[in-house]
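Dear colleague,

Please find below the structure that I am handing over to you, together with its sequence. A summary of the findings follows it.

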Amino acid sequence: MELTFYIAAAVAVLATIMVITRFNMIHALLYLVVSFLAVAVVFLTMGAPFMAALEVIVYAGAIVVLIIFVIMMLSLTREDVEQEKAWLQPKLWMGPALLSFVLLAELVYLLVIAEMPADPAAGSYVDARAVGLALYGPYVLGVQLSGILLMAGIVGAYHLGRQKKKVIHRFLQEKEPKKERSTVL
Amino acid sequence: MILVWLIVILMAGGVLAWISGKINRALPRWIALGSVLAVFGMTLYLWLSNPIPVLDSAWLIQFNQPWIPQWGIDFRLALDGLSLLMLLLTFFLGLLSVLISWREIQTKVAFFHFNLLWVLAGITGVFLTMDLFLFYFFWEVMLIPMYFLIGIWGHENRRYAAFKFFLFTQASGLLMLLAILGLYFIHGRQTGLYTFSYFELLNTTLAPEAARLLMFGFLAAFLVKLPVVPFHSWLPDAHSQAPTAGSVILAGLLLKTGAYGLLRFVLPLFPTATVEFAPWAMLLGVIGIIYGAILAFSQTDLKRLVAYTSVSHMGFVILGVFSFNEWALQGVVMQMITHGLSTGALFIIAGFLYERLHTRDIQKMGGFWTTAPKMGVIALVFVMASLSLPGLGNFIAEFLTLVGSWQANNWLTVFATIGLVMATIYSLRIMQKIFFEANRMEQALPDLNAREMLIAIPMVAMILWLGLYPQPFLDTARPSIQEQLQAYTASPPPPVAMSQLTPQVQLTDTIRLNQILKASRHDPD
Amino acid sequence: MGELLWLIPALPFAGALLLVLFGNRISRALVSVIGVGSVGISAAVTLVLGIEYLSSRPAFIRQEVWQWFDVAGFSPSIAFHLDALSMVFIFVITFVGFLIHIYSTEYMAEDKDYARFFACMNLFVGSMLMLVMADNLLLLYLGWEGVGLCSYLLIGFWYKEPENGYAARKAFIITRVGDTAMAIGLFMLFQQFGTLHIQSISTEAAQVWSIGNETAMIIALLLLGGAVGKSGQLPLQTWLPDAMAGPTPVSALIHAATMVTAGVYLIARMHVIFALSPVAMTAVAVIGAVTLLIAGFAALTQYDIKRVLAYSTISQVGYMFLALGVGAWSSGVFHFMIHGFFKALLFLCAGAIILALHHEQDMRKMGGLSKKLPVVFYTFLIGAASLAAFPLVSAGFYSKDQILWLQLAGENGNIWLYLAGLLGAFITSIYTFRMVFLTFYGEEKTHVGHKPTWAITVPLIILGVLSFAGGFIELPHNFGHVVLFSDFLAPILPAVTMVPDFNQYEWMLQLLAAVVSLGGIFIAYLYYYKKPELIESIHRSEFAMAIHRFWHSGWGFDQLYDTLFVRPYVYLSKVNKKDFIDSIYTFIANVTQNFHELFSRTQTGVMRNYVAGIVVGAIMILTISLLL
Amino acid sequence: MSAIPMETGLLLAGVLFMLGLISVMIRRNIIFMLISVEIMLNAAGLAFIVAGSHWAQPDGQIMFIFILTMAAAEVSVGLALILQIHHQLKTLNSDAANFMKG
């Protein structure tokens, strides 16, 4: 089981690195699916099979497919790939990578110094039943909120996704050619 | 209850005027006129029906209704002679403001009158309320509509002026709020009674440092409003940019709220701290008198010139307030009234001229006496009032103030008196540049019409009345002034640091003076 | 009998009010009736009261009209006080004022602001009466400032000329300087006595203070400041010559007969306080002496006939101050009265000449008028004789002689003051007759237009008679010894303490004065009539011309004050027009705005930067929490 | 079951999160940014699962479900926004949408 975890983890990391280095969006998305699947395996090794299933269905399935649909709607061409290549200069990597590594280092340090109490039940199997009981027991409010959130998401997506004639918000429309220096005081 | 009505009528009138603008363009004017007339009538009735000198207490009417009892905030209104006089002035000038806007304001008429009435309501509230929280509330109520009055209906640079006005008054007002809260908590901790009531807070005993700090909090608001010289710079802009009615209300009333605040709150609340601060305050007053006068002389914008004269005249107010004697305080009260009238009138004249000429630049004017002698005579009266010619109200005010301040501090009074010469210099310049010399303008200047005479004549009559027979006003103010001074007259005369510079003029008998004071208190002849 | 007292000032005020309200709507005739009539009735009331007063001789009559105000014991009234001193002043004001009003109906007939003129004149007469009848100093101050206002309005009467306006402003501002000193004096008086009532102050001051008291001195000097400003004495005399910009009747009434002598009245009225302070008395006398000399020399060099008269007024008021300064109160008042007659006469004559010569005021362009304007000539001659103190037959001789005599005979007198007065008398007769010869003799240089009618000639003749005969009510000891005037004033103004055994020299001094006066006339005759080439020779000398220019400019006082006060003040005002305090606040605002611009740069609109910002923030928070 | 140390699981989550973060910061293409955000959300969810597994409690998994829900909603709204941006600005460059520039 441990070995499975490490392999899956390695795959996840590698796939993610591939995702963030691709110029072609479809390629990146395919790697993203791999990454998600690998994470799903990790979930399995963690004793959360239901979550692994959801990961596969929702992330690797629904979300990625949604993105692919959008990419198809935008009908991207080879120029976009070239454009992406042009945008992704190596020197751009340096700063963000450094920042992220600092952040990671601090996280690791925090993990190391934290005293982890050993738990006898560690790694034990938590099945879908337990999850379901908890979900509709103490967390039922959260479920309802999630419902509202999804509703809002649907409405929002519908509203924003409508193809209207070009309408910019009224604040943006009357943009002055030159920025006016505030006259106050 | 009548006190509540005063505020309610104005506020309701304002809302009504705003709404009625949808129906008819002229209706808001009539509604505004009606509501101001109503409150003016009520106040006049109050004045005439209360023979003030015979009353024992300074307070004529009180009204009290708990508002937020948990925090000790009451809707507490009270009227004494001082506030009565201030209310009379407020509504008199309010009436004139409605009348002068009749032609001048042609855009957003309804909203204008809403703001006008709400400013008046705020001022009324400030003059009436005896709850410090409510006082702060009304202090802000009068600020915001004024901001709109300047910002919407003002002249070319109105937004700058409105912001400046707002920032200055708001910043200083917040300091006052801090001081009010400080007083509230100190009093609450001492007595266990957390209340904003003025009458309760009067009994607070304060440590000297605390008193000093709190006093400066109050002073911040009042000195900026007054204004005293280093804090005056909002005033010329606000006055010159505001529409005529706005200038009249600013100069005639808003400045007076500062003076009123000094009299009503600073003097009785902090009797020891004020005595310490008095020489400096008087010095600030004298600096204001002279500085304002010098600056007024060089201005070419008529309204700006008059605005600086206000700075100069308000110097007398602070000079008088910190002299702590009845002459000076009566002078201050008179100064508040007469300055409201005379400066208001000068702004009105500036408004008349602006309506005709579309300029405020006095260098372009001249020789208007030929075509507009009536305006000339009226301007002459108020120019003379501004240099405090005897026979006009301002003279009584300034002379009494100076007589009082002389008792407190000789040298500063000398310099303040020199301010009178400077007042002559700038005042005569107004006459010279506008009404004398040759006419440099192409267009003819029509003389005042009937409506304008209706505005001007009562002001002339008032200023003459105040100059020749001010006794009714002085009598009305006397009980409240004596009340404000209670904390001071019991103690020996304030030690005045500055006058020690001048041993040779340090006059012999202060004791003698006190005897006179006492004698006069017992039997006023 | 005092019930009518209030009418005296009230009538001119009412006239002024009527003219202000309706002046533009009524006919000129009606304006004249109101303007002249109100002063006329006032004069008649004065006459009635005067007769009653003389017949019953009360100490004073007081009438309170109403209590002005009352604040903590400070309770001045609008109340009138009539005693011998104010009687003299009221008499001069109403009668001379009445004559001048009559005169004005012709002089101002062509002016389109006829009603405004009479309104201001009436207002002036009312204020002046208020001044001299006030029973307290605050009411006196009201009149004091009121006459200042009228003086301002009337000097600037022809307001279209900017110079007239400036002259008016100058007059008002300079007198206001004096008034300010006086106001401070009033504060001190109030602090000392708790009242401004003149009688109470006078009685109490004598009890409270001993002679030489420092406070009394300061108060007296401050009051003197007010007097000096109003009366055009050194160092505040510079406004008076410029005040001639006003119409000539104004100059006659305000700047010669009445207002400029208000200072004399004030000092005479407050003589108790002045008497308590030898320093102040000396100051009064010295100011008078110096002023009379300076103004006399300045008058010698003027060409404008009205400016000559203006300087001569300054000089003559100097004599009055000289008299007051040695305690010769009634002599000062006597000279005031005589001066009121003859100087009004001279101004009115000058006005008639100016009117006749189409508003020409330069004496170099006059000449030979004695034939053309005989009435004016003879009355002017009487006035000039009086001004030059022509011996025996002029009123001015008696009044001026009395002053000079008391400089030596009085206890407080001083030989130097006497010599200054004598020299002044000499100069006076020179410039007076210089004026006569230049104007009325020689050849005619400008055509005579307007011939004066009765409205001008009658006042001239009446004033001429008064200038001639007025002196006979007070004659020297060795010369009839008539003391009607000083007796009349004796209850109010104490007599001079005489140096013992000095009377025998009186005739010598009189002779000296007569010789000086005649000598001056002779010199004027020599230089300006007989041998004008002598003047030419003076004009050729560079040094003499420099002095001439110096004197002509009034001893350079205008330039001095310009550099000392006017220019610095104007500069200070102009340089700070934008108000440097405002720039402090603008600076704060600018700093805030600069910060705003600085920080608004961080809002790039690029999302990646925001993410980076979040990361940096997270790192910082984590780091800080780790370090702590 | 064999216990995988929680540190290791959290480390994996951290690494994945970091990779997503780097990508958000370097990408200009707005779709890539969305993808990167998904990676980060997923990593966060992983951390919850790890913690839940360690304590053998269902709460971690429930949090994951909530994150999942949120991610779904976020992606749908986000994609709609992307469509709008592409429609109006004719580009996917997020830098072009800088109207809020101060």
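I begin with the overall form of chain B. For its 525 residues, a compact globule would be expected to have a radius of gyration near 24 Å, and the 22 Å computed for chain B therefore agrees with a compact globule. Please bear in mind that this is a predicted model.

Along the principal axes, the C-alpha atoms of chain B occupy a box of roughly 65 × 60 × 45 Å. The secondary structure of chain B consists of 20 helices and 2 strands. As to packing, 62% of the 525 residues of chain B count as buried. When the contacts in chain B with a separation of 6 or more are considered, 81% of them join residues that are 24 or more positions apart.

Chain A comes with a domain assignment. Domain 1 covers residues 1-88 and domain 2 covers residues 127-166. Taken over C-alpha atoms, the centres of these two domains of chain A are separated by 23 Å.

The remaining point concerns the interface between chains C and D. Here, 11 residues of chain C are in contact with 10 residues of chain D. On the side of chain C, the greatest contribution comes from helix H27 (residues 607-627), which supplies 5 residues. Sorted by class, the side of chain C that touches chain D comprises 5 nonpolar, 4 polar and 2 charged residues.

With kind regards

Technical notes
Residues numbered from 1 in each chain as written. Chains lettered and ligands numbered in written order. Predicted model: local features only at pLDDT ≥ 70, side-chain atom pairs only at ≥ 80, totals over all residues. Contact = placed C-beta atoms within 7 Å. Helix = DSSP H or I, 4+ residues; strand = E, 2+ residues; numbered from the N terminus. Nonpolar A, V, L, I, M, F, W, Y, C, P; charged D, E, K, R; others polar. Rg over C-alpha atoms; globule rule 2.2 N^0.38 Å. Buried ≥ 20, exposed ≤ 12 C-beta atoms within 10 Å, placed from the backbone. Domains from an automatic or database assignment.
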